[in-house]
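Colleague: I am new to this structure and would like a close look at a single part of it, with enough of the surroundings to keep my bearings. Could you take me through that part with care?

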Amino acid sequence: MFDAITEGIKKWLIGRFASAIKHTTRAEDRVLALQWLSESRAVVASDLRPIEKFKKLNALINSRAAIVAIAKSVSEAVSNYR
């Protein structure tokens, strides 16, 4: 029962990531997102303890890069809308 729920959540989450990456307008941002996703997946699949996984995943997050990517994407979308 729980396996089916877990699998459904995984598929939904993967779909959300894929959709977000696909709808990112800048190729450079898509590459960065895919790199982050790949590195995160490796951490999650590792044999580390959960707290160590959390620390490594947190270290992978680059707030400044994320904000810049989002701002550029929004700016480009606004420009395209005009």
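Modeller: Let me start with Ala 18, which counts as partly exposed because its relative accessibility is 44%. Ala 18 has its place in helix H1, and its C-alpha is 9.4 Å from the C-alpha of Leu 34, although 16 residues separate Ala 18 and Leu 34 in sequence. Please keep in mind throughout that this is a predicted model.

Before turning to the part I have chosen, a word on the whole. The protein chain contains four helices and zero strands, so that, read along the sequence, the pattern is α-α-α-α. Of its 82 residues, 11% count as buried, and the accessible surface of the chain comes to about 7000 Å², with 64% of that surface belonging to carbon and sulfur atoms.

Helix H1, where Ala 18 is placed, spans residues 2-22 and supplies the largest share, three residues, of a nonpolar patch. That patch lies on the surface and is formed by Trp 12, Leu 13, Phe 17, Trp 36 and Ile 61, which together have about 500 Å² of accessible area. Phe 17, one of the patch residues, is found in helix H1, and it counts as partly exposed because its relative accessibility is 31%.

The part I would look at closely is helix H3, which covers residues 50-60, together with what lies around it. A convenient place to begin is Lys 53, a residue of helix H3 that is buried and yet has no salt bridge. The nearest side chain of opposite charge to Lys 53 is that of Asp 47, and it is 6.7 Å away, whereas a salt bridge would call for a side-chain nitrogen within 4 Å of a carboxyl oxygen. What the side chain of Lys 53 does have is a polar atom that lies 2.8 Å from the backbone oxygen of Val 44. If neighbours within four places in sequence are left aside, Lys 53 is in contact with Val 43, Val 44, Ser 46 and Leu 48, so Val 44 appears both in that list of contacts and as the owner of the backbone oxygen just mentioned.

Val 44 also serves as a reference point for Phe 54, which has its place in helix H3. Phe 54 and Val 44 are ten residues apart in sequence, and their C-alpha atoms are 8.7 Å apart in space. Unlike Lys 53, which is buried, Phe 54 counts as exposed because its relative accessibility is 55%.

The charged side chains of this part can be taken next. A search of the whole structure finds two salt bridges, and Glu 52 takes part in one with Arg 49, at 3.5 Å from N to O, and in another with Lys 55, at 3.9 Å from N to O. Arg 49, Glu 52 and Lys 55 are thereby linked in a network of salt bridges. Lys 55 and Glu 52 are separated by about one helical turn, because they are three residues apart in helix H3. As for how open these residues are, Arg 49 is exposed, because its relative accessible area is 55%, while Lys 55 is partly exposed, with a relative accessible area of 48%, and Glu 52 also counts as partly exposed, at 28% relative accessibility.

Finally, there is a residue of another helix that reaches this part of the chain. Ser 40 lies in helix H2, which spans residues 27-45, and it is buried because its relative accessible area is 6%, under the 20% that sets the limit for buried residues. Not counting residues up to four places away in sequence, Ser 40 touches Leu 57 and Leu 60.

Note on methods. Residues numbered from 1 in each chain as written. Predicted model: local features only at pLDDT ≥ 70, side-chain atom pairs only at ≥ 80, totals over all residues. Heavy atoms only, no water. Helix = DSSP H or I, 4+ residues; strand = E, 2+ residues; numbered from the N terminus. Buried < 20%, exposed > 50% of the residue type's maximum accessible area, 1.4 Å probe, protein only. Contact = heavy atoms within 4.5 Å. Areas by Shrake-Rupley, 256 points an atom, 1.4 Å probe, with all protein chains shown as cover. Patch = residues over 30% accessible without salt bridge, like charges linked within 9 Å, V, L, I, M, F, W, Y side chains within 5 Å. Lys, Arg positive; Asp, Glu negative; His and termini not counted. Polar contact = N/O pair within 3.5 Å; in protein donor to acceptor, adjacent residues only side chain to side chain.
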